[in-house]
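Please read the points below beside the coordinates. They are the remarks of a colleague going through the model piece by piece.

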Amino acid sequence: MIRINQKASFSFVLFGIMISLISGNLTLLSTTSVIAGESAPADATINVLTRHSSTIFNAVELAFKSSSYAPSGTIDIVFKARDAHQWPTYIDDGDIDLAWGGGPTLFDEQMERGNLLPITQSSITTEIASMNDTYWQGPPAGTIAGSPMYRYDNGDLMWVGSAIASFGFTVNSFKLEAQGLPTPSKWEHLGHPIYYRDTPAVAIGNAPDTTSNTRIYEIILQKYGWDLGWAILTMMGGNSVIKTGSTEVLVAVEEGAVSIGTTIDFYGFEAELKYDYCTYVLPDNQSIVNSDPIAFTTHSHNDASRNELAEAFMHFVLSDEGQAALLADSILRMPIRSDAFATAAQDSDKHYVSQLEDLYERTLNNTGISFNDTLSLSYQNTMRNYQSATTYEANTPLRQAAKAIAQAWNDERIGDAQLFLIAMDLGNPLLTEAEAQTMNDDMGDDQTFREGKVSEWRQAATTKYDDVRSTLGSMTYNEAPEGIELVPEYNPFAAGRGSYNDTSDFVPTTEEVSKQEGAVGFENMAALSSLGILGAILILRRKRRF
Amino acid sequence: MTVFDSFGDQKKKIDPKWIAVICALVLTPVILTLVGVPAYIAIGLSLIGLIILLVSSNETRDRMRMYASRQWREWKEGMDSMSTIFVLIVTIFFFIFLIFPLVYISYEAFIVDDKISFARFFGEDYSIFTAPDRAYFSLDPSDIDGEFISHDTTGTVGIWKISGIDWAIINNTIIISLGTTLFSTILGVLLAYIITRYEFYGKGIIRHLLVIPLIIPPFVSGVGIKKILFSEFSTLNLLFCANSPSPTEANPIFPLYSDPIVISGMAAVIIVQSLHFYTLVYLNATSAFANIDPSLEESAENLGANHRTLVRSISLPLALPGIAAGAILTFILSVEDVGTPIIFQGTGDPTTQVDNTLAYQIFRNIFDTQGNLASWALALSVVLLVTAMTGFLIIRKYVGLKQYAMLSKGGIHNPRIKDADVPTSILFYAFLIPLLAIALTPHLGVLLLAFGGVGAWGAADKYPNEFTMDNFDYILNKDEATRFAIQNTLVISLLAIILIIILGVFAAYVLARKSFPGKMLLDAIVTMPIAIPGIVLGAAYFYVFIGTPLDPLDDPLRLLVFSFTVRRFPFTVRAVFAGLQQLNIALEEVSWNLGGSQSKTLRAIVLPLISLNILAGALMSFVYSMAEVSTSIALIGTSGGNKSTIPTQIAERFTEALYGSENYACALGVLLMIGQIISIVFTNRILKDRGAAITGI
């Protein structure tokens, strides 16, 4: 009997451990600091869905807790950093209070799904009303450089911008010099054969993997229209290495693997702050300002202290103090209110604030595109997958075509006009804008459909690139083909040869030329290794004699 | 000894009737799904059909009854009720957290639109073996793009590029793995031979330094080696390249070659993996060389064999099983490695060569669709799983051989160690010192970045121009995420270790002390995790546990406890098993004779006596749990925030590009290394020379 009891208790304890583990009672692992004892009425914990990285939300959380905006009592904010496509699932779950960061497109999508609550709290509306800035006016106009800072739905305020971002490229001056390239100043420069190098000079992002690069492609498509836009994007892809994340693009620039990378502004500024050879370039009148929204989400609880905490957090983020917190060196986000710079300047750690303010002013004076959010949203899924299929997955044939184009250009077998036509051929979209809009929903939801299309596009693009390459081989004309009239302003590559050759950066200096002529070659290496081999042979021979 | 050995005694001539039955069994569900029956019902119906068929025939019914009663008799003879409970618990655990997820994901790979289909493997469009553009698999050499070495002269400064080729996903993976295996094996065997057969000045230190690459922090290791050796602006190029790429450091110290050398793509992956995995071959080969009976070599010498003949025909063949085990393990780990491809993504010429590898493609496509792998990635998972399992089966065969070789000797010998003369020593140093310098570069790079100021190691700097403790101050005092990561990692690893110890003792006890039907199978199951690609297991967990209390979307950390338990189980089982083998069973018999029960004997006699082995095994499991990458990254991703472990936190910092994040990631890597080194030193103190537990083979 005793034996049975012992055995039984032994296995019972074991199963107990397993079951308790399985049932998920691992309170130790919870990110919320567990508070022992009964909770006071003001205690609250809110869940915030975010696209920000932990560095950002932890820093802002810390600033919030030590500010006067934080309600008394034990409070906690749990950030859930989740991919964009997971957001509806989390909000539907009913336990999310706030959504913060991730771009207007994502927030518009949530709004259309009915996942956002109207912002009616007086503390916040008063704060917003008080924000009248040099650069923008408060609601209902509410735009910075043409980009909306608020979204209204049937007269209700649904989301507010909490920071702004612009898009451009980060360049590495050392690598530009080593590759003999001028600093680009427009998006289309990145697609010009001048920027072709066997080791790619440009890094861009694979659209499905990076929202910032997706926005850049949308800007280009809106600026130049569907056909010409794809011609530029495809030519860009031919000059580029495609990275599967926006960080990888920046790192490639910083470490000198490439000369130029397409980045969001705060990535570029981070590089500038770290390395003096890195510079963030705003394309001349070709950027837009994007807001980074914050909003209340629908939830199933009705907890007053939670709602109060959520309100206080949003209030803080929009306040002068909260905006200044975004200027910490680990964050470097552009605020929506310019008085944040003055507040931040009082902090001696933030010695770079004046540089940032300068960039802020340049950004706001340098937008040149009236961006249509609805349009970009209407074909976004298709566009991302199409970009990925034709430039990332078919990158090798595209690079080979770009190399052939660059050779033809350098041999002066083709001129501006032919280049334009070749680019239009190379980038000739496999679908119209309307088709892209029609299939947009299926591209998002239907996995089988999406994979089929991506595979089809990849194969079609490969054929197209190989065709362009083979026709280029025999191409010797130097004039525009008959029957096609080119409007110079419409040819983004037209400034081509002339203007680039004038750029003094592009011509190697005499010093560099002599450096190349006086190259040492592998002689030293060869001499050294032959010495080593000789030594080894001698030693081995001696050894055998023993 | 293979997994299948326990079934070997049933080998009989197969009745053609049964072939027809098996064909029908395979075809029935396929046909049923074609007429619209859901796949799982179709399979279930066929199985029920088979059972009815078996039971309806007298002959098979008798045979089954006889087989069952024989197995039952064997079970009753070999097992007591405590051991039965042990086997049940271990089996249930491994069924839930290993077998079922893997079977399920393999099953999913053959289901298209609720029908059983091979379309993902041999279909028309995007099937992996027959896709028209051969993106996944190719046998056609004309699909190869790029060359291993090329000279780029399109820029102002030329570049020597050592990269690789882009063929197809499976091809690239095999090329990388074979390259890694080849280099690791050559290095490992050479080193093992030198260390086991020669005595020279400084050998003690070198022997310790040689195993350091076993401990390497994930992700950040690539940053250091890139900055020092691989990139255009590397320390190497700044020091020795005549055409210095840097305008501010135009004069190299000693110009050795003209244009900067850039190592990227496949070549970089192979080098980094080889520098890590050669340790596995080295450790296995060392024990293999040490175990060779010296009398065999002496006889050969007496018969007039010279040194070369001796090595070629005596030493190497005898050590081959051990070397092969290490090499195959290297192959498996290289195939499933996802950390290194993440570092070198988008490098090389063509730039997609590293992206086009199995583990990386699976990793990327888990995140695309919220737990639903892209359908072709599912098929790739199965290919990866099959590749790794094949390696595992071969390795078990070789471990068996190794035991056979060891039986033929007997006792422990004085190994044949020669004193190296001066020229030989110089030759050794000329080989070992550069090798160690390269092998320790990743560690050096991580240290330099961890202690270097933010932005202090730019493209034109040979090394950081400012050293500081600020990075550690930041991650430990100013940022919550790191503290959460450390806490999570420790808690998860500890919980996993508790489970590992309990289940590991159960498993090792029954494997060492009992004989029962299916023992080889249990042995195989508990050793197998070492060969299971973590990325596939992570993907499978997504499929299986979504919507259960262990939902990874809810909290990936809970599930990690179990994935750590499964993946790090073999280390402990092997160590405990070894302890039990050394423990004389007479001690247990004394306890039984004195009236001690099974469980009392286990608690009062066995456990205290093998506690050191348990501790050592658990510590090794702990060391590797802390640094677990693939299932963590599959379940948590690179944006876990406060719900991350140390490795995924490193990955997150590494991929966020905020001011100082690279340095902070390296500082965290240094902390991880310190934690691991402490555990290993501690383990070695306990284990002394029983180093085999480290590799789990």
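The numbered points cover conventions and confidence, then a sheet, a helix pair and a single residue.

1. This is a predicted model, in which local features need pLDDT of at least 70 and side-chain atom pairs count only at pLDDT 80 or more, while totals for chains, interfaces and linings use all residues. Residues are numbered from 1 along each chain as its sequence is written, chains are lettered from A and ligands numbered from 1 in the order in which they are written, and side-chain values use heavy atoms, with hydrogens and water left out.

2. The model scores ipTM 0.83 and pTM 0.83. For chain B the mean pLDDT (the predictor's confidence in each residue, from 0 to 100) is 83, and 92% of the residues of chain B reach 70 or more.

3. Two stretches of chain B call for caution. Over residues 1–11 of chain B pLDDT stays under 50, and the model has 15 contacts (heavy atoms within 4.5 Å) beyond four places in sequence for them. Over residues 401–411 of chain B pLDDT likewise stays under 50, with eight contacts beyond four places in sequence. Where pLDDT is low, the predicted coordinates should not be read in detail.

4. In chain B, three strands (DSSP runs of E, at least two residues, numbered from the N terminus) form an open sheet in the order E3-E4-E6, with mixed pairing, where two strands pair if DSSP finds at least two bridges between them. Strands E3 (149–152) and E6 (261–263) of chain B are at the edges with a single partner strand each, so one side of each has no neighbour in the sheet. E3(B) runs antiparallel to strand E4 (residues 159–162) of chain B, the two being joined by four bridges, and His151(B) has Trp160(B) as its bridge partner in E4(B).

5. In chain A, helix H8 (residues 226–239) packs against helix H17 (residues 395–410) at an angle of about 95°, with axes 7 Å apart; the axes are lines fitted to C-alpha atoms over the stretch in contact, and angles run from 0 to 180 degrees between N-to-C directions. H8(A) is therefore roughly perpendicular to H17(A), a term for angles of 65 to 115 degrees. Among the residues that meet are Met235(A) and Gly238(A) in H8(A), and Leu398(A) and Arg399(A) in H17(A).

6. Ser632(B) lies in helix H27 (residues 630–636) of chain B, helices being DSSP runs of H or I with at least four residues. Ser632(B) is buried (under 20% relative accessible area, 1.4 Å probe, protein chains only), at 0%. Beyond neighbours within four places in sequence, the contacts of Ser632(B) include Leu560(B), Phe564(B) and Thr648(B).

Note on methods. Parallel < 35°, antiparallel > 145°, perpendicular 65-115°, else oblique. Buried < 20%, exposed > 50% of the residue type's maximum accessible area, 1.4 Å probe, protein only.
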